[in-house]
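Here are some short exercises to help you find your way around a new structure. Try each task yourself before you read its solution.

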Amino acid sequence: MTMAFLDNPLRTGLRMGRTPEPCTMVIFGASGDLTRRKLVPALYNLARERRLPAGFSVVGFARRDWTDESFRELLCEAINTNSRSGPVDPELWASFAQGIYYHWGNFDDADAYRRLVERLAAIDRERGTGGNRVFYLATPPEAYPTIIAQLGTHGLARSSGWTRIIIEKPFGHDLTSAQALNAEVLSVFNEDQVYRIDHYLGKETVQNILIFRFANAIFEPIWHRSHIDHVQITVAETIGVEDRGGYYDTSGALRDMIQNHLMQLLCLVAMEPPSVYDADAVRDEKVKVLRAIRPIALHDTVRGQYGPGSANGRPVRGYREEKGVSPTSQTETYVALKLFIDNWRWAGVPFYLRSGKRLPRRVSEIAIQFKAAPTMIFADTPLNDLEPNVLAMKIQPDEGISLKFSSKVPGQPQIRPVTMDFRYGASFGVTSPEAYERLLLDCMLGDGTLFTRRDEVEASWTLLTPILRAWAEGPPLPFPNYEAGSWGPVEADEFIARDGRSWRRL
Amino acid sequence: MSQTAIDIGAIERELRQMWQEQAIHPNAGGQAVIRALTLNLIARAPDDAWAEQILSVAPGLTAQHPNRTVIVIDRPGTTVEVQAQVQALCTLTNAGRTQVCGEQITISARGTPAGQLAGLVLPLLVPDLPVVLWAPGPQPFAQPLVQRLYRLCDRVIVDSTTFTEPLTELAELATFEQKAKGAPAVSDLGWTRLTPWRELVAQFFDSRTFLPHLHRIDEIVIEYAAGTVVNPVAALLFVGWLASCLKWAPLEEAVGVEGETIRLYLRRPAVGVGPAAIRLVSVEIRPSLSPARAGLASVVLRAIDNQRAEFVVAQTDDAGHARTRATVADTPPIERMVKVDPVTLTDLLSSELRLLSRDRTFAAALNLAGSLARRLTSYHNDPL
């Protein structure tokens, strides 16, 4: 992994955060939204917290006719608007911006890559970056193959230091395309150079799932089919498709959310303890979960699409009226499904996943519902008055963990559920870093634990591609079938009610 | 009103009542209140000025480490006087969000025997939670109350920047740390202040091209802001840290003091010559001519033999930044500006409270700095 740190004798001991070796990050698609909204603010905040080495440099590669100066100005504005630490510190920015360059070129223009080779060599000389490079693909996915092939052709996949490539989602739109993309990437790079980013894994609360499970001894013994009734994973968004209508209409909730974010959450909740906490041990366990999932039956899925309604008290239009969306679109903006993991720990325990757009609240949560008390000894209380114990891990907002249990009402012979709450905001008075900060730093440090490996991506698509195919081949549904601002289609409620359960009220 | 004894039962009743009232009458904003305690903090204030500082730090600490703070104002005096006061300390939150509160008990004493004070403090500790003793001010280990309490604590926090006889007290601190062997763990807020400096110096050598130069450093120059007391402890700790990480050993008797400038020599393994060969590292520690903020002003690491290399971290004139520069042979220097926010006492304590075990890096640095301090004090007493 990161041998350089072991070599630096000043790096022993507590307190000091790890910092990577000096390197250059080349961002393809540097004129895009992601660069301005997430990447550069994240890099700036890392520099602000002294987590980046001197000499760290950024090269923005895009088609627009900009200069180093105009690019720097644009990024400065972007940080002023989007950074969690507020407007830039002028002196710090002046120093950071010295290492930012703009590289004009078309993604398929061989000459632009030849110039890039020279430019990177010059940066290595002037700023001591020692040939260490990160290529970040922040372009539309159509451009990935071209860029990857050009990098290969111009010998940019290898250098005198290390070279890594970060690829944004989507990793394909079904199993075949994901395999094809992986084949293209791996014809130029080795798997250990490839960092497929799923920003959900960079969230502190998501990482805390593993800490919670494997740094505490009291939960693991009950993390098991004999104690758990079922698991619910919800990722609800209040936003619609915003200005991504054209892209989203070819994608849908299953591809856009379930295939990556929800499957990742599922893996973290369901995986066996890895033998060590390193990139491959953790990802091996996650892949085992994905491979143990029984093929999902079509009747265990529910699709929805929002119609006109409201969001945050304001009327909003329906999905089919959104810009870039076909007026007869059959794309789902809501998915609920049930799946089973056929292994010794989870056999018979249903996992309910749901995700949708234009739901009433923005909330991501994993809820473990335990089995009810087997018998009721308190004569005055009927058993069905008792609520089962629920352990809820809230990913966002109000990050934290709560455990619901029953308690006696003082002075009365009644039992009421109460919750024991742990909240990040309350226990640790520090603001969590943005997901991208953690992930960019991890990549520069060569730690792939929080990135998705090739076999994970393919295992997840193997599971979901048959559903996509069955949906496409089936008859069209009477969309829209839920009102914007409601908790999804009635069918989803009926679907879970058939199992004698209900969705959590969030 | 002055009194000579306190009823522990009364303090406990008052605490209970305080929380019950919170449950029945939520505060003005209608917010729910959570009592959260992660540790016991005993803070000994040697005088009223320190009492005021401790009281101002405690609320900020609640946000990161909700705790029960027992503040003991341990003033000297001929008449015995002691009284106690209880209050809840709550973090400020947005309306509608749950408020987290810790507890604060202030014992204000004058001329009270240490045994009596310790007897008051011990029953007030929350069971099964770590106990941290914070003893700012000079001569912490000479205080009878500290002597009585430290064995029961998980961590003792002192502050070497408040020492009045810095070299002697640094040597004492090192002796105490060695003797304690990790129980209790010892922390020094003066060391905590060095974290950004250590980070910035270490960062130079994360680069593979610079790393070899770390093993061939020949000269170190450290400047520190001169306060009312000449206190080179931070600089000595910094040298102690470098030396312990790089396996440098102090050279017997090789210390010198000219005015306020300290010179000393350490032995390091020579690079590329043979296993037994050594070279000398010369260290110069002096008060800064242009005093900026408190603490270190600049650190320079130089390799002069064969290929020249220089690594510099220096405070800038404004508060909040430092400049780093790495120059190796004829290549252009790599410079940058970094943010180093001024730290508050609350930040420093918070960062110490985050540690649960002994800080071995600190222990090693302190051990070495302690032996340097011992040589320097004997030089002062008996110059060669």
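The exercises below look at a sheet in chain B and at where the two chains touch, in a predicted model.

**Exercise 1.** Trace the open sheet of chain B and find which strands are its edge strands.

*Solution.* Begin with the strand order, which is 10-11-12-9-13-14-15-16 for this open sheet of eight strands with mixed pairing. Next, look for strands that pair on one side only: these are strand 10 (249-258) and strand 16 (334-339) of chain B. Finally, follow the twist, which averages 15 degrees from one strand to the next.

**Exercise 2.** Work out how strand 9 and strand 12 of chain B are joined, and which residue is the bridge partner of B:Val221.

*Solution.* Take strand 9 (residues 219-224) and strand 12 (residues 278-287) of chain B: they run parallel, and six bridges join them. Now pick out B:Val221; its bridge partner in strand 12 of chain B is B:Glu284. For a helix on this sheet, turn to helix 7 (residues 195-204) of chain B, which touches strand 13 (296-303), strand 14 (309-315), strand 15 and strand 16. The direction of helix 7 makes about 155 degrees with that of strand 14.

**Exercise 3.** Describe the side of chain A that touches chain B, and say which helix gives the most to it.

*Solution.* Start with the contacts: 35 residues of chain A meet 36 residues of chain B. Helices 1 (3-7), 4, 5 (110-127) and 12 (424-427) of chain A each supply at least two residues to that side. Helix 4 gives the most, with four residues. By type, the chain A side divides into 15 nonpolar, 10 polar and 10 charged residues. To link back to the sheet, see that helix 4 (residues 90-97) of chain A lies across strand 15 (321-328) and strand 16 of chain B, at about 150 degrees to strand 16.

Definitions and conventions: Residues are numbered from 1 along each chain as its sequence is written. Chains are lettered from A and ligands numbered from 1 in the order in which they are written. This is a predicted model: local features need pLDDT of at least 70, side-chain atom pairs count only at pLDDT 80 or more; totals for chains, interfaces and linings use all residues. Two strands pair if DSSP finds at least two bridges between them. Axes are lines fitted to C-alpha atoms, for helices over the stretch in contact, and angles run from 0 to 180 degrees between N-to-C directions. Two residues are in contact if their C-beta atoms, placed from the backbone, lie within 7 Å. Ala, Val, Leu, Ile, Met, Phe, Trp, Tyr, Cys and Pro count as nonpolar, Asp, Glu, Lys and Arg as charged, and the others, Gly among them, as polar.
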